[in-house]
Each structure stands twice: as C-alpha cells, then as structure tokens.
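Reader: Hello! I am new to this structure and would love a close look at a single part of it.

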Amino acid sequence: MIRQSIMVTNRLGLHARAAAKLVQLASRFSSEIHLSREDANQRIDSKSILGILMLAASQGTRLVVSIEGSDEAEAGEAIRQLFDGKFGEEN
Amino acid sequence: MASGPERIFQGNGVSSGVTVGRALKLDSRNRVILKIHIDDVEEEARRYQRALATSKEQLTALKSQLEEKLGSEHSVILDAHLLMLDDRALSDDIVASIRSSCANAEWVLEQARNRMVSAYESLQDEYLRERHRDIEDVVERILLNLSGSQPFSWESLPEDLILVSHDFSPSNFVTLDLKKVRGLALESGGRNSHTAIISRGLRLPAVMGIRDIAGSIVTGDLLLLNGDDGQVIVNPSQERIESHRHRIEAVGVAAEAAPCPSGRRILTADGMPVSLRANTELPHELRVAKRCGAEGIGMFRSEFLYFRHRHGFPDVEEQLSVYRTMAKEMSPYAVAIRTLDAGSESVADKPDLASQINPSMGLRGIRLSLHIKEAFHAQIEAILRASCEGRIEIVLPMVSTVEEIWQAKAVIDKVRAHLADTAGISLNLVPVGVMIEVPAAVLALEVLAKEVDFLCVGTNDLIQYTLAVDRGNPYVAYLYQPLHPSVLYCLHRISEVSRKFNKPARICGEISSNPFFAVLLLGMGFSQLSMNPLSIPTIRRVLSEVPAGASRRIAKRALQFATAQEICEYLTNAVSKLVKMDLTSYAKEIAVLNDLSEG
C-alpha cells in the first residue's frame, strides 16, 4: 500500500480532458487506486472519470493517492509523472 | 419543391458559404421527463444498456471523423465522453437504480444527471464549474438513444442537413456527423464566438443571431442558408436556389480541397511574381493552407486562443506552443500573427470594462491590447520566443493613430530586452506590420508607414468604416459595396504610399478570393494577397493567365467610374476577356457582393 501526496499544477485543474488521461492511465494497472482531497474525506476510484470530476480539483489542490496491488510502485510513479507533466497541456 | 411561401430570416453571417438543406432542429430545453412504473425491470435494464452501447458506437465513429477534420486537439474531449459512458455512475449504478426503483431508464438517468450537475454548480472554480456541459452532453446522447426518435442516428438521416437551434456550444461539434451537416443556423452567438471560429475552421457555413427562427420552422423544412449576407430562407424558390447554384457547389468542392503544387513561384502571364497567402484562425488550418499552395500565413487571427478561456487570458506557454508549431510547420514561409482583435465583450468579466454601446467603434484591437497590458505582454513574449523556430511577423489591428504604433513597439522592445536580460535569449528582429482598416489610417498613411515594416489591408473593416455601413444591418446592407469608388480610392492610395515608402502592402480580406477583384488589386499594384486558403488554387490560375500590364490598364480605367455598378460591369467584362477559365459564377458573386444582382 502506497500513500502519496500530489499537487494539481496544471492551470485548468482536473477538467474533463485531464481526468480522461488520468483514468486511462490508472486503468492500465491492476492495483486499486483511490484519490481524495487533502481537505475533504470524499474518496473516489481513480478509474471513474465522473468521480474524478466531482473532486473539483483546481490548480493548487493537494490530493492524496492511495494505491494497493501488485503493480503499486509503477502505478505511483506513472501517476506522479502525469501530474508533474501537467497532463501534457502546457508544453 | 417548395411547400409554402418563402420566408426570410436575417442574422449575421459568421462563416462564409451558401448551402441548401433540410432543417434539423435541435432543441431539448423544454423537455419534461416523467416517472413511469416499470414491471419488467430486466427488459428496461437491457434497453438502457442498448442505448449505452449505441452511444459508444456513435462516439467512437465521430472521434475518428473529427480527428481527421480538426486534429486531435479537438477530439480528445471525446475520450472523456467515452470514459463517462463506461463509468459506474452511468452504467452499473443506473441499472441497479432501475431495478430498485422500478422506474423508467430516462427518469433514473435524469435523476443521476441532476445530482451530478448540481454538485458541479456548487464548485468554487469557475472553469471547472462550466465543465458540467460535458456530463450534460453525454447524458443527452443516452437520452436521445433511449428515446428511439433517433435524431442522432445519423445513418437514418438524409444528407444535406442544416442544424437549427437556439444555441450550440463548441463541445456540440463533436456530436455532428460532418458528412451530413451542411450549415448552422442559430438564434444566439456572434461573429467572435468560439462556435463561429470553429465553423469557419470546418468551412461550415453558419448564420448566428437569428431572432425567433427555432420556433418558426420544423425539422424537414427546406432552407437556403447564406453565411455571407446572413440570410436564412425557408422554402426557397427554385429560381433562388439556381441563382446561388455556383456558390452552393463551391462549398461542396471546398470540403475536399484539391492539392495544389507549391514551391513554384506564381507568375502573371507576363512574368511578374505574385504571392498568395492564407488567412487562418485555427492552427489546424495550416495543413489546408499548405495543401492549397499558400506561400505563408498572411494573417493568423489569434482570437481563438482567447475564446478558449471564458475567464482570464491564455498565458505565455500556451500561446508559445501554438505559435511555435505554426512557425515550424509553415517554414520556410512566414506566419503573420495578428494580435488580439476582439472587442471588450470577450473580456467582459474584467470589471473596469463596461459593455459598450457601439463596440465596432469602441475599445477593440490594439486599443484593447494597450489597455490590458499584461495580456498584451504575454502575447508579445510568446510571439518573440516562437520567432526562434521560424519566420514570424506581428500585425497590429485597428490602429488609428501613430501613437498606438509607438506604444506597441515600446512594449515589443521592452519584452525583447527583458527576454535578453533574464533568459539570455537573443532574438531576431520580428517584422511589425499594421492593419489598415480605418479611414484615418488611410488618410495619414505616410505617418504610419514610416513606423512599420509592412502594411496589411483589412478590407472587410475598411469597407464598413469607409462607407459607414454595418453589413449585418438589413436596412443598409445594400450599401455595402466593395467596388464603391471610395473604397477603390482608398486602395489606390494605400498602394501609392506603399510604393513610395517601400513598405510592402498585403491585402487580407475576403475580397481577394474573387478573381475579378484579385485582378483589380494586382492592377492597382498589390502583389501580395492573403485569402481563405481554399480560394488560392483558383486565384493562382487566374493570375497566371493575366498579364500584369493589362491588369494595370484595367485598374486605371476602373478608377474613373462614378458608381459601383459601372465599375462592376466594366471589371467583369474586361477580365473575362483576358481569362480562359469560365468565370460566370464569380461574376454573379461579385455582383451579389456589391448588391447589384437586381440591377
């Protein structure tokens, strides 16, 4: 089980396109991947795009990612890269 | 063919072209969904799953179509829509809820939609708050597939449809079958809306701001839509359709632009080189421009970058990546980027910019840019940095005094110095040009020409301002005459000053797409024309058949007539004699453009 804190840094936040990229990435791993806001209890499945949209994570929001499963290390790294790369929106 | 009398609706033509088709009304605003008790819940669940599967098939097909037409930037939103269809909340949860409530699928789905949308509406972040549209679009699609009336089962629909609706958001484009939709007639929206920009990028004729059209027609009505003069005619007569035949066919051809040889200089029949460039609005159009043989982008309207942001402005990085790609893709030719030419309506959320009564004479173009310095700085920085990747030019719009050029150039110098100091980036000099589109600029052209590297003539606005005619106003639209002697005097003067000061002048308006006008402009001394990319192959052919010497004699003679009508008659006659190509349809076009068709 991995728990890591991650920050939304792209300017538009987790809107539909960014959320789609996250779901597509998360779905490649067999691990259970959940997201929650640091400032709220709501925990959502990162393979659900509607769930991610409901997080309403705008730029600057801190999220906690919890990952559990056989490929949790790779999944954690891949998700971090996606966020750090601003979802490929601002290259 | 026509059933009933002709009825004419007047709106604003926002995307050029004439098209005929059957109306398809899209209006879901007044729908009511009732709760119905269902006995066979398993069959109801299967009905819902079939609607989901159909929705998925439709979206998958549309995605590849849209990618082809507009590039992946505009189609990735469909990935999000497809994922929503797979989401528990719209699949398993709905099915479970149908079973537990014994209610119809429509009602269950509507409840789920309301919950999600209201959660969205409570969000703080304005951008995210607007995103509920994506959920709405997806739910709407499932509902339509459930309804069985199948307005979105495009296969069953006839070809040549004209969509009629109150409004149409940019995200709705992903729901269109572009093989069947020929035009867009909307009650809301204007020339600068994002929907209008995308329509132009897709070469989809569109008229917006039509009052009360949606309630006055029914799906299946025959419509003639004219994206140039803003008219939508219900039950057009056969004669009327015939009189537009050449324009209607041109739209069909335009969709499949024939490739055109590039890399070979265009010469007139007597060997004078001319340069044909493209006017574009979306980065994706560069491909079309190249395919049509454009020697560069004569004017890139940068507004689309701003309309992507309902609030605030695009930052340097976002603009840089767009400009950079364009510069690379168009190399070795130049890309002229016109700085923001919107009115304050696009920055309406800025509290200090109240709405203006007469926006076309208000705070727009360079006036607005100098008012919102931060956004202007960002655009200039992005342009300067992109200039390392290829040839880029800056064009300043709506300039009416030389001080505006001084101030803009001061900003450019300051940003350049800043980039050199902080990032150590030393940049090539980027040529700066000015749009000549208000009479004041024409009259004081010597003063302005000294300060810039080149001139761009924005003929659409220049004609409106010179003749004091709002083309969208049906009462005076007949006075909009591109061949009016006053317009020709302005153009003649611009050409003279350009030669005297050795500052190249480029025509960047729709008029250069007409072969007769193109010959007239050539004769007046304009050898750089920038136009809709799809017109380039025709104009290229026409100019290569015309000797520049003959065109000069035609232009000289044209300046001696008193009315647009005489000029038009003389010009069509004289040019037709020089060119082998059949220009009959273009002769009609130029007559209609000058509102002389009845004369």
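Reader: Could we look at one pair of helices: is the crossing in which helix 3 of chain B passes helix 4 of chain B left-handed or right-handed?

Author: Happy to help, and please keep in mind that this is a predicted model. The crossing in which helix 3 of chain B passes helix 4 of chain B is right-handed. Helix 3 of chain B covers residues 92-101, and its axis comes within 10 Å of the axis of helix 4 of chain B, the two crossing at roughly 120 degrees. An angle from 115 to 145 degrees counts as oblique, and helix 3 and helix 4 of chain B are therefore oblique to each other.

Now for the residues that meet there. From helix 3 of chain B come Ile94(B), Ser97(B), Ile98(B) and Ser101(B), while helix 4 of chain B brings Ala105(B), Val108(B), Leu109(B) and Ala112(B). Sorted by kind, the residues of this contact are six nonpolar, two polar and no charged.

Helix 4 of chain B also has a part to play elsewhere. In the contact between the chains, 21 residues of chain B touch 18 residues of chain A. Helix 4 (105-121) is one of the elements that give two or more residues to the chain B side, along with helix 2 (72-86), helix 5 (126-130) and helix 12 (316-330) of chain B. Helix 2 of chain B gives the most, with six residues. That side of chain B divides into 11 nonpolar, one polar and nine charged residues, whereas the contact of helix 3 with helix 4 of chain B has no charged residues.

Terms used: Residues are numbered from 1 along each chain as its sequence is written. Chains are lettered from A and ligands numbered from 1 in the order in which they are written. This is a predicted model: local features need pLDDT of at least 70, side-chain atom pairs count only at pLDDT 80 or more; totals for chains, interfaces and linings use all residues. Two residues are in contact if their C-beta atoms, placed from the backbone, lie within 7 Å. Helices (H or I, at least four residues) and strands (E, at least two) are DSSP runs, numbered from the N terminus. Ala, Val, Leu, Ile, Met, Phe, Trp, Tyr, Cys and Pro count as nonpolar, Asp, Glu, Lys and Arg as charged, and the others, Gly among them, as polar. Axes are lines fitted to C-alpha atoms, for helices over the stretch in contact, and angles run from 0 to 180 degrees between N-to-C directions. Angles under 35 degrees count as roughly parallel, over 145 as roughly antiparallel, 65 to 115 as roughly perpendicular and the rest as oblique. A crossing is left-handed if the near helix is turned anticlockwise from the far one by less than a right angle, and right-handed if clockwise.
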